Amino acid sequence: MKPRRRKLLVVDDDEGDRIQIIRCLEESSVTFDCYEASSVHSALDQMRTNHFDCAVIDYHMPGQNGLDGVKTLLRADPFLAVIMSTGQGDEHIASAAIKVGARDYIAKAKLSPVDLRDAIEGAVQQAEIERVLAEQQRALAVFARVLVHDMKAPTQSILGFAKLVDLFLDKDPIDRKKLKGQAQRIAEGAMRMDALLDQLHAYTEADAQPQFETISLDTLLRDVVADLDAVIHKAEASVIFGNLPVVCADRAQLTQLLQNLVGNGIKYCKARRPEVHVEAHRLANGDCVIEVRDNGIGIDEKHFADIFEPFKRLHSHGEFEGTGLGLTTCKKIVERHNGQIWCKSRLGEGTSFFFSLPLVCGEELPAE
Ligand code: ADP
């Protein structure tokens, strides 16, 4: 994927000053697509259709206070890296600008390409870190909320059935058949919680920095198949693979990834013998793509993206057991390896999950 070109907005009523800033930036070898606005109003207009990484805003604009201008831009985009510019160096204005949210300050009269570059790069980096942190905090809050909700369901059912057991034990004669049924439901609830905790553990493990090593995918898949032996046996499934390449990856994480994908391929299959194929392809750019293909129930195209979201399930527990954390974990692992994961499917015809591993260490892949 090509990186997005960064965008800079210069907000200044003086055309000459705008040109001076843009020229100065060009001389500094920093690459930004530069846009110009002669007022805060025009800047806001452009921000509606463009995502800017940085804005350099003049302190002195007719009828406008530069500090209010900074506040207005930040209200429109709290993570915009705003830099205040003024004609003369003025410590007083600099500290006032920083107080209202500007990240740096430049004096146009003493502007040099190096100073401008340092101010912009520093401000953009800082804003980007804050944006990522805020996004992670938001994702974590959603994750915790859904996790609590999903933990509550089995806990409530265990509590409910335990109370019923208590009531049944008070009756005379004791209905042993009903009692056994309640005990079974308690065990099912506990098992669901146990599975959720296992998946949660796998999900947090995927946060670890990968320990890259050279791995034969054929050997690793043989281990995955051995781990899934009971499941494969029960479903009378076959897992078919061979001639897979050698890759550079974290062994534990790659095992988890393939276990989830192959396991899903077997699980989401009704009324026929599950068959899961694992194959490698080489893309035109040399990347290695692994395909895990099944002959299962398939996935509606409208869910191709959201199935990778935490706790997203397309089926109830009654239909298929699961936690909705498997594919989220896969996505995290693949991204940790600088790759991408996606799926193709047709309802009723089966599904292919693909993931790319850019770090192939050697060994020829079959050409496409
Ligand atoms: P789960 O624990 O529910 O299996 P996943 O995150 O692994 O959670 O998958 C999310 C959802 O995506 C599943 O609930 C299922 O509806 C769908 N899904 C995943 N893999 C497949 C597959 N191979 N075929 C059909 N549907 C699938």
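**Inside the sheet, the cores and the ligand site**

Colleague: Which residues touch the most other members of the largest nonpolar core?

Modeller: Leu254, Leu257, Leu258, Val262 and Phe355 do, in a core of 38 residues. Bear in mind that this is a predicted model.

Colleague: Which elements supply this core?

Modeller: Helix 7, strand 10 (246-250), helix 9, strand 11, strand 12, helix 10 (326-336), strand 13 and strand 14 each give at least two residues. Helix 9 has the largest share, with 6 residues.

Colleague: What does Phe355 touch?

Modeller: Leaving aside residues up to four places away in sequence, Phe355 touches Leu254, Leu257, Leu258, Leu261, Cys288, Val289, Ile290, Val292, Val334, Gln340, Ile341 and Trp342. Each of those counts as a contact because it has heavy atoms within 4.5 Å of Phe355.

Colleague: And what does the second core include?

Modeller: That one is separate and has 23 residues, among them Met47, Met61, Val82 and Tyr105.

Colleague: Back to the strands. In what order do they form the open sheet?

Modeller: The order is 9-11-12-14-13, with 5 strands and mixed pairing.

Colleague: What makes strand 9 and strand 13 edge strands?

Modeller: Strand 9 (238-241) and strand 13 (341-346) each pair on one side only. From one strand to the next, the twist averages 20°.

Colleague: How do you know that strand 13 and strand 14 pair?

Modeller: Pairing takes at least two bridges. Strand 13 and strand 14 (residues 350-357) have 6 bridges, so they count as paired, and the sense is antiparallel. Within this pair, Ile341 stands opposite Phe355 in strand 14.

Colleague: Which strands does helix 7 touch as it packs on the sheet?

Modeller: Helix 7 (residues 217-227) touches strand 9, strand 11 (275-282) and strand 12 (288-294), and its direction makes about 175° with that of strand 9.

Colleague: Which strands does helix 9 lie across?

Modeller: Helix 9 (residues 251-267) lies across strand 9, strand 11, strand 12, strand 13 and strand 14. It runs at about 170° to strand 14.

Colleague: Which residues come nearest to the ligand?

Modeller: Tyr268, Arg313, His315, Thr323 and Leu327, out of 20 residues around it.

Colleague: Why is the pair between Tyr268 and the ligand called a polar contact?

Modeller: The cut-off for two N or O atoms is 3.5 Å. An N or O atom in the side chain of Tyr268 is 2.6 Å from an oxygen atom of the ligand, so the pair qualifies.

Colleague: How far is the backbone of Thr323 or Gly326 from an oxygen atom of the ligand?

Modeller: For Thr323, a backbone N or O atom lies 2.7 Å away. For Gly326, a polar backbone atom is 3.2 Å away.

Note on methods
Residues are numbered from 1 along each chain as its sequence is written. This is a predicted model: local features need pLDDT of at least 70, side-chain atom pairs count only at pLDDT 80 or more; totals for chains, interfaces and linings use all residues. Side-chain values use heavy atoms; hydrogens and water are left out. Helices (H or I, at least four residues) and strands (E, at least two) are DSSP runs, numbered from the N terminus. Axes are lines fitted to C-alpha atoms, for helices over the stretch in contact, and angles run from 0 to 180 degrees between N-to-C directions. A nonpolar core is a set of buried Ala, Val, Leu, Ile, Met, Phe, Trp, Tyr and Cys residues joined through side-chain atoms within 4.5 Å. Buried means under 20% relative accessible area, exposed over 50%, partly exposed in between (1.4 Å probe, protein chains only). A residue is near a molecule or strand if one of its heavy atoms lies within 4 Å of it. A polar contact is a pair of N or O atoms within 3.5 Å; within protein, one must be able to donate a hydrogen and the other to accept it, and residues adjacent in sequence count only if both atoms are side-chain atoms.
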